[in-house]
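Let's take a walk through this model together. Have the sequence and the coordinates open as you read.

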Amino acid sequence: MQRVDRSESRNGVSPDRATLKSLTLPFHRERLIAITTEYPTPVYLYDEAGIRASARRLIDAFSWVKDGRGGGFKNFFAVKATPNPAILGILREEGLGADCSSLPELMLAERSGIVGEDIMFTSNNTPAEEFVAARRLGGIINLDDISHISFLERHAGIPPVISFRYNPGPLREGNVIIGNPEEAKYGLTREQIFDAYEIMKGKGVRRFGLHTMVASNELDPQYFVETAKMLFELVGDLSERGINMEFVNLGGGIGIPYKPEQEPVDVEAISAGVKEAYDELIVARDLDPLGITMECGRYITGPHGFLVAKAIHKKDIYRKYVGVDASMANLMRPGMYGAYHHITIPGKERAPRDRTYDVTGGLCENNDKFGVQRDLPEIQIGDFVVIHDAGAHGHSMGFNYNGKLRSAEVLLRPDGSTQLIRRAETIADHFTTLVFDGAQ
């Protein structure tokens with residue numbers, strides 16, 4: 001897919017970083033006109049070439065993890081980020097597995113050709129039928145609580161490989177999205193971890209994994225290195241009790257630069273730091289080789305998804321507002337977290353950002369805003385409004401409040417073609433589950 005030129009502006013002055021981010025779109029205004037003639041706004045567009053490139057970069061960064069008892073490196077893509085079989089199929093082709101947390105996600109993985117130990121089932125407050133499904137598919141089960149051992153055994157049986165999610169509590173700090181570990185509902189304490197593996201060893205399990213997830217959308221590479229050190233040290237302590245790990249799962253949480261001034265995470269730096277810790281805490285202690293896994297979702301698809309809307313109203317009261325035909329029902333992150341998503345007006349990428357707007361949707365909620373007091377070019381009714389970095393936790397977090405309907409998802413293929421990968425919802429879809437019998 002041809003991208004807009006990122007070179008200097010016409011007057012020879014280098015564009016500012018906001019302009020540069022706007023110039024990275026994998027489509028032009030003219031291309032949007034053609035796409036939205038077939039798939040009306042609001043619509044999600046995903047750049048396949050970008051998704052594949054992110055997957056390959058992560059795998060290449062950890063290529064030093066050699067096959068052995070632990071099976072090398074694998075990223076289990078967090079299905080919750082972008083739960084679409086077309087996306088999962090692309091990632092399966094690139095060698096990724098699926099991190100699932102519910103029955104529908106397990107079913108999506110299976111229908112996308114991801115089965116067996118290419119599935120990591122990481123859930124909490126898990127219904128029995130979901131454990132049964134994970135066992136049927138041969139996935140690796142990552143238990144969230146020590147009490148789940150007996151529950152799993154009663155309903156689905158004890159699997160040949162088991163992992164536990166570790167909550168380090170006061171030993172680590174989380175962040176605003178996932179919360180502080182001591183306040184998080186996830187995982188086992190350090191004391192429970194030792195007991196849990198002993199219980200499973202007593203039940204005949206010989207293949208073990210160890211997992212943690214303590215931050216989300218983190219941009220500091222050192223954070224992930226410190227997480228790896230923590231897990232490698234715990235692996236050593238467990239080995240002294242005869243519990244030999246097959247793999248460690250560093251979790252996900254690698255962030256993306258939503259704001260123009262932010263730098264992308266250097267995954268090669270993460271890998272180098274993890275390798276140094278591995279050599280010091282695993283190799284130097286003559287412990288069994290470990291596979292290293294992750295569950296990155298946002299890093300893979302986040303920068304390569306775009307919510308495309310159109311300006312349909314302008315309002316000038318105490319502030320200047322631009323109303324678009326999308327809403328928080330299509331992308332809730334700005335309203336839910338106050339999250340920043342860059343906004344581009346195609347065709348005006350190099351225009352002065354000399355207007356200040358709140359960019360809003362049509363929900364009956366005042367937090368239904370994609371941008372608050374955002375400096376943008378002058379927007380006219382009918383202009384495209386493109387919201388960046390919506391490829392993860394965007395469409396998947398959609399909802400139907402106010403009767404809003406979720407939009408279509410379209411894949412931009414490397415050859416320039418488009419593929420509908422989810423049709424837009426209709427009013428008939430919305431009414432399907434309602435019971436009108438007897439209604440007056």
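The report below covers the barrel, the aromatic pairs and one helix with its surroundings.

## The barrel

Please keep in mind that this is a predicted model. At its heart you can look for a barrel, closed by 8 strands in the order S2-S3-S4-S5-S6-S7-S8-S9, with parallel pairing. From one strand to the next, the twist averages 25°.

For a single step around the barrel, try strand S7 (residues 207–212) and strand S8 (residues 245–249): they run parallel and are joined by 4 bridges. Here Phe208 stands opposite Met245 in S8. Helix H7 (residues 148–155) packs on the sheet, where it touches strand S5 (140–143) and strand S6 (161–166). The direction of H7 makes about 145° with that of S5.

## Aromatic pairs

Searching the whole structure turns up 12 aromatic pairs. One of them joins Phe27 and Phe306 edge-to-face, with 5.5 Å centre to centre and 80° between the planes. Phe27 lies in the loop between helix H1 (17–22) and helix H2 (29–38), while Phe306 belongs to strand S10 (residues 305–316), so the pair ties together parts 279 residues apart in sequence. Both partners fall below the 20% cut-off for buried residues: Phe27 has a relative accessible area of 2%, and Phe306 has 4% relative accessibility.

Phe164 and Tyr197 make another edge-to-face pair, at 5.0 Å centre to centre and 85° between the planes. This pair also links distant parts of the chain, with Phe164 in strand S6 and Tyr197 in helix H8 (residues 190–202), 33 residues apart. Phe164 and Tyr197 are both buried.

## An aromatic cluster

Phe62, Trp64, Phe73, Phe232 and Tyr278 come together in one aromatic cluster. Trp64 has a charged neighbour as well: the charged end of Lys275 sits over the Trp64 ring, 5.9 Å from its centre.

## Helix H10 and its surroundings

Tyr278, a member of that cluster, is also among the buried residues of helix H10 (residues 267–283). The others are Val267, Ile270, Ser271, Gly273, Val274, Ala277, Leu281 and Ile282. An α-helix has 3.6 residues a turn, so residues three or four places apart point the same way.

What do the buried residues of H10 pack against? Their partners are helix H3 (48–61), helix H9 (221–239), strand S9 (291–294) and helix H11 (298–301). S9 also takes part in the barrel. At the N-terminal end of H10, Asp266 acts as a cap, with a side-chain oxygen 3.1 Å from the backbone nitrogen of Glu268.

How values were computed:
Residues are numbered from 1 along each chain as its sequence is written. This is a predicted model: local features need pLDDT of at least 70, side-chain atom pairs count only at pLDDT 80 or more; totals for chains, interfaces and linings use all residues. Side-chain values use heavy atoms; hydrogens and water are left out. Two strands pair if DSSP finds at least two bridges between them. Helices (H or I, at least four residues) and strands (E, at least two) are DSSP runs, numbered from the N terminus. Axes are lines fitted to C-alpha atoms, for helices over the stretch in contact, and angles run from 0 to 180 degrees between N-to-C directions. Contact means heavy atoms within 4.5 Å. Rings of Phe, Tyr and Trp (its six-membered ring) pair if their centres lie within 6.5 Å; planes under 30 degrees apart count as stacked, over 60 as edge-to-face and the rest as tilted. Buried means under 20% relative accessible area, exposed over 50%, partly exposed in between (1.4 Å probe, protein chains only). A charge sits over a ring if NZ of Lys or CZ of Arg is within 6 Å of the ring centre and within 35 degrees of the ring normal. A polar contact is a pair of N or O atoms within 3.5 Å; within protein, one must be able to donate a hydrogen and the other to accept it, and residues adjacent in sequence count only if both atoms are side-chain atoms.
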